[in-house]
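Reader: Hello! I am new to this structure and would love a close look at one part of it. Could you walk me through it step by step?

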Amino acid sequence: MRLRQFCPASVAEIAGVAVLLLILIWLEPGDGKTGGLLAPLLNPLFGSLGNGHEVSSARHIVTGLLLTIALWLNFATLRLLPWPLQVAAVWLELLLLFAAFVSSFDRDLGVWFESGRAGQTNLAYLISTGAFTTLYVSIISIGIACVFAMTAALGRLSRSGPAYAIATFYISFFRGTPLLLQVYLIYVGLPQLGREFALDAVPSGILALSLCYGAYLAEIFRAGIIGVPHGQHDAALALGLDRRLTFRKIILPQAMRLIVPPTGNQFIAMLKDSSLVSVMGVWELTKTAQVIGKRDFKVFEMLIAAAIIYWLISIVFELIQSRIEAYYGKGRQR
Amino acid sequence: MTKTTLTGLSSTLTLALTLALALPGSNALAGETLDRVLQSKTLTMSSDPEYPPQSFLNDANEMDGFDIDVGKEIARRMGVELAIVTPGWEIITAGHWAGRWDMSVGSMTPTKSRAEILDFPAIYYYTPAAFAVHTESSVNTLAELNGKVIGTCGGCTYDAYLNKELVIDAQNVPGFEYQVTAGEIKTYETDTNAYDDLRLGDGVRLDAVFSALPTIQEAIKNGYPLRVVGAPAFYEPLAVATDKGDAEFNARIAEIIAAMHADGTLKKLSMKWYGVDLTTVQ
């Protein structure tokens, strides 16, 4: 492996380090958690921490200086590594920082692995009940939302007056009103038309999420379709393809390249918005975390677990999205 | 008790829908709920799964608590099975349950505005409301709480008490006086969220919380650094709620709750969950 050339510090870098140093000193880190880490090094110079001693500003300055040097050395070393290793190393460092941040809370994260009479750890219950519900509600909803979105996008692009009107009304209403109120409209409002409209909680939630996200996706789909250059239509026409075939074989595959990344975005947003269906009593990830947490007054601990699970699910879908993107991007690769 | 009052939201929504569709709101037919319960042999109750010790998920991952036990006993006396659903408070208090569930045993205070939306066939216990401070606080009497920053649930009866506009229009409501004038009232989605802010330290965000005494005691049992101050500020009746329109079903519930009061069942459940008898006015 070839190491990168060590390059001399630029003006921007020196300025950056100086700003970092000033911020770190301003934070007065001498007696904080990081200052505590440096205590073995600094105690011989300044005396031991605690015991009600006032921490001298010299100690704050020295601590800030040492931290700045450590950070700068870290980046200087990273630059010597090949690009993929740089990325991996920085991810690892940021993850460790996040873990340190979480573990610095005065909270008992052991509750994740406690199990009661059910013989299932809280974390296992959170995944089997909450994460499972969140996943299947989101996946079904995004599927239906795509159908709504494609219909609405074609409606907006159509020359038919009523189709255009219905599509624009739908998009405007469901983008313009809060998802929570749409959930109420469907769950509480619809049954007042008649008992046969009294949908159960999960179908109501799926309907609300599909309608709402369908409206957002409709604009994404429309942008993707009009983003395909008009020459493609002309070329298809010249080849004698009819309109239907042109759309299916020429326009849509090229539009997909533009549609996929923002759709992945919407899906990840939906994963988290699906927590709104909990108002109808559906135990998805957030609700389940709160329910378990409330039992032992450990809500924050369980919410941290839920946050990590959401994140892991999102990462999996980011990877899937990049595969789909690569598939539809084939034509652009050189 | 600690729940938000029926929000303007749901009534506005109902109104908007009704107007938009020019259709009258549907009302349950007489006897419909009771027929459904007896026919399906299932009594479905709504409850909050995040409200220990009234209702919560126990360590066997089953619903448990005082409210749940009361619900189970009502079902047993009707000779049917109990099923539990957990819709949000706003959904329950919006009324028009469309037969999705039959009753709410959810520690609900039968206030006037709620009684326009729901029926309250029977009061099953009374909850004392109390102030609590951080263990490091110097406050020892209710008078010392005047002018302090007090946290509680938004739109609930505690919020109303602190604002000196509490109206509980049920029968047998014990009288009370406004003993504390808060310097600032901070409201939360539920009162237990206020505990978390008080937990950060005395005066960091809050000087005190105002909440249900049993809930405060449960929090203390779970290691929250809280201390109850003074005697309960007021007692609040809590009732079983049903959807409007089924007098037969309501009569049945009232009869069962009266019997549970008379034969000491409710007292026994109160002793089990609260360690004190909260089923009669103190």
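Which strands of chain B does helix 12 of chain A lie across, and at about what angle does helix 12 run to strand 3 of chain B?

Author: Happy to help, and please keep in mind that this is a predicted model. Helix 12 of chain A, residues 285-296, lies across strand 2 and strand 3 of chain B. Its direction makes an angle of about 110° with strand 3 of chain B.

Let's look at the sheet beneath your question. Strands 2, 3 and 4 of chain B form an open sheet in the order 2-3-4, and the pairing is antiparallel. Strand 2 (50-51) and strand 4 (63-64) of chain B are the edge strands, each pairing on one side only. Strand 3 of chain B covers residues 55-57 and is joined to strand 4 of chain B by two bridges, in the antiparallel sense. If you want a spot to find on screen, try B:Leu57, whose bridge partner in strand 4 of chain B is B:Met63.

Now step back to the place where the two chains meet. Here 25 residues of chain A are in contact with 30 residues of chain B. On the chain A side, helix 8 (179-189) and helix 12 each supply at least two of the touching residues. Helix 12 of chain A gives the largest share, six residues. Sorted by class, the side of chain A that touches chain B has 14 nonpolar, six polar and five charged residues.

Within chain B, there is also a helix pair to visit. Helix 3 (residues 66-78) and helix 9 (residues 247-262) of chain B have axes that come within 10 Å and cross at roughly 110°. That makes helix 3 of chain B roughly perpendicular to helix 9 of chain B, and their crossing is right-handed. Helix 3 of chain B brings B:Glu73, B:Ile74, B:Arg77 and B:Met78 to the contact, while helix 9 of chain B brings B:Arg252, B:Ile253, B:Ile256 and B:Met260. By class, this contact has five nonpolar, no polar and three charged residues.

A last stop is strand 6 of chain B, residues 103-108. Six of its six residues are buried, so strand 6 of chain B is largely enclosed by the rest of the structure. B:Met103, B:Val105 and B:Ser107 point one way from the strand, and B:Ser104, B:Gly106 and B:Met108 point the other way. Strand 6 of chain B runs parallel to strand 1 (residues 42-46) of chain B, with two bridges between them, and antiparallel to strand 11 (residues 226-243) of chain B, with three bridges.

Definitions and conventions: Residues are numbered from 1 along each chain as its sequence is written. Chains are lettered from A and ligands numbered from 1 in the order in which they are written. This is a predicted model: local features need pLDDT of at least 70, side-chain atom pairs count only at pLDDT 80 or more; totals for chains, interfaces and linings use all residues. Two strands pair if DSSP finds at least two bridges between them. Helices (H or I, at least four residues) and strands (E, at least two) are DSSP runs, numbered from the N terminus. Two residues are in contact if their C-beta atoms, placed from the backbone, lie within 7 Å. Axes are lines fitted to C-alpha atoms, for helices over the stretch in contact, and angles run from 0 to 180 degrees between N-to-C directions. Ala, Val, Leu, Ile, Met, Phe, Trp, Tyr, Cys and Pro count as nonpolar, Asp, Glu, Lys and Arg as charged, and the others, Gly among them, as polar. A residue is buried if 20 or more other C-beta atoms lie within 10 Å of its own, exposed if 12 or fewer, and partly exposed in between; C-beta atoms are placed from the backbone. Angles under 35 degrees count as roughly parallel, over 145 as roughly antiparallel, 65 to 115 as roughly perpendicular and the rest as oblique. A crossing is left-handed if the near helix is turned anticlockwise from the far one by less than a right angle, and right-handed if clockwise.
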